[in-house]
Amino acid sequence: MRKKQYAVIGIGRFGESLIRELVRMGHEVLAIDTDESRVQDIADIATQAVQADSMDDKVLRALDITSFDAVIVAIGEDIEASILTSLTLKDMGVRKTIAKAQNHMHGKVLAKIGVDIVVHPERDMAIRLARTLVSNSIIEHIDLSADYGIWELVTPRTLVGKNLQNSGLRPKLGINILAIKTGDSIEVSPPPEHVINKDDILVVIGPTRSLEKLNEMD
Ligand code: ATP
């Protein structure tokens with residue numbers, strides 16, 4: 001894997017965790033914060049840590065911010081600083097911008113500015129936790145959009161012994177099975193005659209509403 005260069009603006013809990021994980025994965029990270037003590041605290045971990053105000057485009061230019069593979073705006077509470085920083089980064093032509101939204105409206109503004117990826121960590125984590133809490137079968141899930149996703153779940157009892165064709169998943173729920181895991185083996189794009197066994201793990205794609213119905217099946 002090519003070593004990448006990231007800049008993280010805002011060393012709060014989110015920014016710090018992100019920096020630590022990127023460095024652990026072997027990438028280079030520039031950390032920026034207005035707060036000198038936060039810069040000091042991350043200095044030993046980040047590749048470079050700088051005390052600066054990210055709303056100042058001269059500072060960003062001096063740091064050669066457009067040379068980074070991606071810049072993450074992890075400023076939370078100060079929504080104005082987050083928006084102005086994101087706007088400046090877009091104006092400067094940063095390759096990939098990611099910003100953390102504090103609430104729905106903040107997220108909408110960031111998207112309008114053209115931020116490539118807007119994350120809502122608290123909201124998304126709560127949704128993830130809720131799904132895991134009410135279900136004993138969801139193992140993993142990826143939201144592809146607001147309405148579609150890929151879920152990995154334990155086979156509901158009603159599907160055991162059926163093949164894909166008579167499972168009814170595609171005609172009734174609009175769900176396609178991408179893969180079936182049996183123990184350590186995985187069958188990718190299983191054929192229609194593939195029989196689903198007890199303890200199989202299904203990797204499925206479809207509308208979120210249908211995936212929820214599948215998850216509620218006994
Ligand atoms: P978290 O949940 O990640 O802790 P938070 O809402 O607590 O998020 P904040 O503490 O508001 O996040 O912001 C993260 C950091 O962003 C703070 O350390 C703050 O000093 C820094 N920050 C705020 N404005 C700027 C700015 N204009 N330039 C650089 N850093 C900034």
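These questions and answers walk through a predicted model, taking the sheet and then lysine 90.

Colleague: In what order do the six strands of the open sheet stand?

Modeller: The sheet is open and its strands pair in parallel. Strands of a sheet pair through backbone hydrogen bonds. Read across the sheet, the order is β3-β2-β1-β4-β5-β6.

Colleague: Which strands stand at the edges?

Modeller: An edge strand here has a single partner, so one side of it is left without a neighbour in the sheet. That applies to β3 (48-51) and β6 (117-119).

Colleague: Which residue is the bridge partner of aspartate 33 in β3?

Modeller: Strand β2 covers residues 28-33. Four bridges join β2 to β3, and the two run parallel. In β3, the partner of aspartate 33 is glutamine 51.

Colleague: At about what angle does helix α1 run to β1?

Modeller: Helix α1 spans residues 13-24. It lies across β1 (5-9), β2, β4 (70-73), β5 (97-100) and β6. Its angle to β1 is about 165°.

Colleague: Is lysine 90 buried, partly exposed or exposed?

Modeller: Lysine 90 is found in helix α4, residues 79-92. Its relative accessible area is 26%. Buried means under 20% and exposed means over 50%. The value falls in between, so lysine 90 is partly exposed.

Colleague: Which residue's backbone oxygen does the side chain of lysine 90 reach?

Modeller: Leaving out residues up to four places away in sequence, lysine 90 touches Thr97, Ile113, Gly114, Val115 and Asp116. The side chain of lysine 90 reaches a backbone oxygen at 3.1 Å. That oxygen belongs to glycine 114.

Conventions. Residues numbered from 1 in each chain as written. Predicted model: local features only at pLDDT ≥ 70, side-chain atom pairs only at ≥ 80, totals over all residues. Heavy atoms only, no water. Buried < 20%, exposed > 50% of the residue type's maximum accessible area, 1.4 Å probe, protein only. Contact = heavy atoms within 4.5 Å. Polar contact = N/O pair within 3.5 Å; in protein donor to acceptor, adjacent residues only side chain to side chain. Pairing = 2+ DSSP bridges. Axes fitted to C-alpha atoms, helices over the stretch in contact; angles between N-to-C directions.
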